[in-house]
Structure formats: structure tokens, C-alpha cells
Amino acid sequence: MTEGSGVQKRRRDAPAPAELDQQGGETADQTDRTDQTDLTELSSRADPTTLARFDRPRTDDRTALAVFSDPHLSTDKEGTWKAYHRTEERLRSAVADANARKVDGVIVAGDLTEDGRPEDFDGVADVLADLNAPFVAVPGNHDVPKAFDDHETPPVAEFAERFAPEEFPFREELGGVDVLGLNSASSPGGELDATHDGAISDDQLAWLESALPETDAALVVSHHNPPGLESHLAETHYAPHPPVGDSSAFVDALAGHDALHLSGHVHLPAAISGDIRGLVCPALSSFPQAYTLAEIGPEGTTLRMVPVADPEGLEEAHDLARTHSDRSADIAEMVESQLADLPLAAER
Ligand SMILES: [Fe+2]
Ligand SMILES: [Fe+2]
């Protein structure tokens, strides 16, 4: 099972990209142009599209953080809906853009590698070394050892040593914000070894419950999303992707705090609503090949989407997603639908 496999179609009524913002009665040529215009607009970095505006967290010290999710870096693979042959270039582009914006820090929300190969971790480390700001990362299901691996995947302790301030969970101050990083991709009992599903261990939940009251402005990061995605998508589109294992306990730990949860894994931008607030970040590797810019200030938190591909690159990613498999086509369709109805959350 890979990410996205839990997304089951309820109703195929999301518009194709050519239909987005389209007036009736257009010719095929006009439709093509509409499609191209949408992709061009999406790939504009000058004024990144607002994904969501939240009331919390807030901080007096204005802080800008870049969130890179699902770079899936591969040093030798081609194609698939994750466009492996572009992954290093896209991550480099994200690093360059984050440097140009002088962000206070970078969060990598998991699936750093295509599938946990040591040479791909080396590739990620090489690219992230160009960041001017400090970075922290949490592992994704593709970064941790699996029972079905046909290669050696480094243990999570090694991941933490290279890409996190300490073993999971961790707390790291970036600008005026505390980033609380959790490992949702492997579990102490090893029960996730045969699956790409997620879980937050009891120890991490207990740690989170004690850490949250001690911080004024927290971003909680795990690769897998907590529940709540359903309420945003289910009405008109699809059943949700499975969230982390013991999801009610995770919600209980987050509820009642001002924290914002950030995740990846699903490869589509979405808001988490209900008792907690969260954002599922768009992926760097697959359509729309973008990172998330999180701006936290006295008024609250704004999340914007920064594309890392040019219009041709975005079109390639879109074509790959629409043609690779039914699942990737479904995910691409959901991405289009989500981006046609922004912001995903507007608490202010
Ligand atoms: Fe992923
Ligand atoms: Fe994932």
C-alpha cells in the first residue's frame, strides 16, 4: 500500500483543469489555452497563492518558515507521477527560493527520499546543505525501513542524526515559533514495517501533551495527517486518506491548544478542520510541485503555496499524474479541485 491508496473515489465531479474558471461554449483551442493559463498562473512565484489563513498560532516576532513536503528525491529513477527525474531539481529550486525569501527556517514534512536508499539520503543532505536557514525534518513512510525493502534503509535514529535536532519527538525554536516534530512513520513495536500507514506512539502523545502548554506558538509536524481531512473533502469529492493510527488520541492531544498541525503524505493541499487546525501541504515531487510558505505574526498564521516548477514543468507533472495510474489521476483531480476553491481555510 502506498500513500493515496486509501483515497477512494466517492463522486467523480471535480473539474478537469481545462474546465477550471472556464466560460461555457469555448472551442477546443480555447480550452487548451485555459488549461495553459491555469498552469502558468499556478507556477508564478511572484505572488504565491494563499492556501489558508488561521487565527492561531500568533507570535510577536514575525516568522517565515518554508515547509517542504514529499520531495521523494531519487538520484537515478525516472518518471511515475512523482516525476523522479525532476526531484533533485525541484528540491534545489525550493532551497533557492527559500533562501531568496530569507526564511527563518525550513521544515521538511517527510518522504525526503524515493524509498529510503542511502544514496538518495546523501542527495537530500547535499541539497539541504545549501540552505541559509536552519532546517528540521520528520520521516515519511518512504524514509523508514520496511519489511518489503529490497535494499538497506538506514534506521530512524540515523535519519534523526542527519535531518533532525535530536531523536523523535523533538522541539526546536525557529524564529518566534516552536516546531514540535513527531515520527508517524514507524512505531516502537514495528507494526508499521509492512505498511505505509501512520501512527503516533503513546510516548510521543504523552510528550506532546506536556510540550504544548509550554509553548505560545507551536507548529506540530508529522508526515501523516490527523483526522479532519474528511470534513473538507467528503461532501463533494472523495473519502479521506487514512490518518495516523490512534487518531482520536492524537486529536485529544492537539485539541484546546493554539497549535497548527502540518503534514504531507497525501500529495494534495487540504485543510484539517474540526477540533484542531491543520494543513496538509502540497508535494514538491508531484503536481503541483510546490512548497508551503508559513508566515506567523501577531494577526495569526498565513500559509501560501510557492511553486518550484515553470509552466512546462508543471504541465509535465500534471500529465504524468493524469496518465500514470487511476490513483494518481484521482489525486491530480483532487489537487485541481482543491486549488479551484481557495482558501482552504479562512479563520480570519
Ligand atoms: Fe509522499
Ligand atoms: Fe508518504
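Histidine 265 lies in the loop between S8 and S9. Helices (H or I, at least four residues) and strands (E, at least two) are DSSP runs, numbered from the N terminus. Phi of histidine 265 is near 70°, a positive value in a residue other than glycine. Histidine 265 also counts as buried, because 31 C-beta neighbours sit inside 10 Å. The cut-offs for that word: a residue is buried if 20 or more other C-beta atoms lie within 10 Å of its own, exposed if 12 or fewer, and partly exposed in between, with C-beta atoms placed from the backbone.

A quick word on what you're looking at: this is a predicted model, where local features need pLDDT of at least 70, side-chain atom pairs count only at pLDDT 80 or more, and totals for chains, interfaces and linings use all residues. Residues are numbered from 1 along each chain as its sequence is written, while chains are lettered from A and ligands numbered from 1 in the order in which they are written.

**Backbone oddities**

Most residues other than glycine have a negative phi, and most peptide bonds are trans. Aspartate 111 is another residue to look at, with a positive phi near 55° although it is not a glycine. You'll find aspartate 111 in the loop between strand S3 (105-108) and H3. Aspartate 111 counts as buried because it has 30 C-beta neighbours inside 10 Å.

Then there are the cis peptide bonds. One joins phenylalanine 168 and proline 169, with omega about 0°. Proline 169 has its place in the loop between helix H4 (156-163) and S5. The bond from leucine 342 to proline 343 is cis too, with omega near 0°. Proline 343 belongs to the loop between helix H9 (326-339) and strand S13 (345-346).

**The two sheets**

Strands of a sheet pair through backbone hydrogen bonds, either parallel or antiparallel. Here, two strands pair if DSSP finds at least two bridges between them.

One open sheet has 6 strands in the order S5-S6-S7-S8-S10-S9, with mixed pairing. Its edges are strand S5 (170-174) and strand S9 (270-272), each of which pairs on one side only. From one strand to the next, the twist averages 25°. Angles run from 0 to 180 degrees between N-to-C directions, and axes are lines fitted to C-alpha atoms, for helices over the stretch in contact.

At the S5 edge, S5 and S6 form a hairpin with 2 residues between the strands, and glycine 175 in that hairpin takes a positive phi near 60°. Further along the sheet order, S8 pairs with S10.

The other open sheet has 7 strands in the order S4-S3-S2-S11-S12-S1-S13, again with mixed pairing. Strand S4 (135-137) and S13 are the edge strands, each pairing on one side only.

Here are three of the strand pairs, each with one facing residue pair:

| Strands | Sense | Bridges | Facing residues |
|---|---|---|---|
| S5 and S6 (residues 177-181) | antiparallel | 5 bridges | phenylalanine 170 and glycine 181 |
| S8 (residues 260-263) and S10 (residues 277-280) | parallel | 4 bridges | leucine 260 and arginine 277 |
| S11 (residues 290-297) and S12 (residues 300-307) | antiparallel | 8 bridges | glutamate 295 and threonine 302 |

**Helices side by side**

Two packed helices are described by the angle between their axes and the distance between the axes.

Take helix H2 (residues 87-100) and helix H3 (residues 118-128): their axes come within 9 Å and cross at roughly 25°. That makes H2 roughly parallel to H3. Angles under 35 degrees count as roughly parallel, over 145 as roughly antiparallel, 65 to 115 as roughly perpendicular and the rest as oblique. H2 passes H3 in a right-handed crossing; a crossing is left-handed if the near helix is turned anticlockwise from the far one by less than a right angle, and right-handed if clockwise.

Which residues of H2 and H3 make the contact? From H2 come Glu88, Leu91, Arg92 and Val95, and from H3 come Gly123, Val127 and Leu128. Two residues are in contact if their C-beta atoms, placed from the backbone, lie within 7 Å. By class, the contact of H2 with H3 has 4 nonpolar, 1 polar and 2 charged residues. Ala, Val, Leu, Ile, Met, Phe, Trp, Tyr, Cys and Pro count as nonpolar, Asp, Glu, Lys and Arg as charged, and the others, Gly among them, as polar.

Helix H5 (residues 202-211) and helix H7 (residues 247-254) have axes that come within 9 Å and cross at roughly 15°. H5 and H7 are therefore roughly parallel to each other, and H5 passes H7 in a left-handed crossing. Leu205, Leu208 and Glu209 in H5 meet Ala249, Phe250 and Ala253 in H7. That contact of H5 with H7 divides into 5 nonpolar, no polar and 1 charged.
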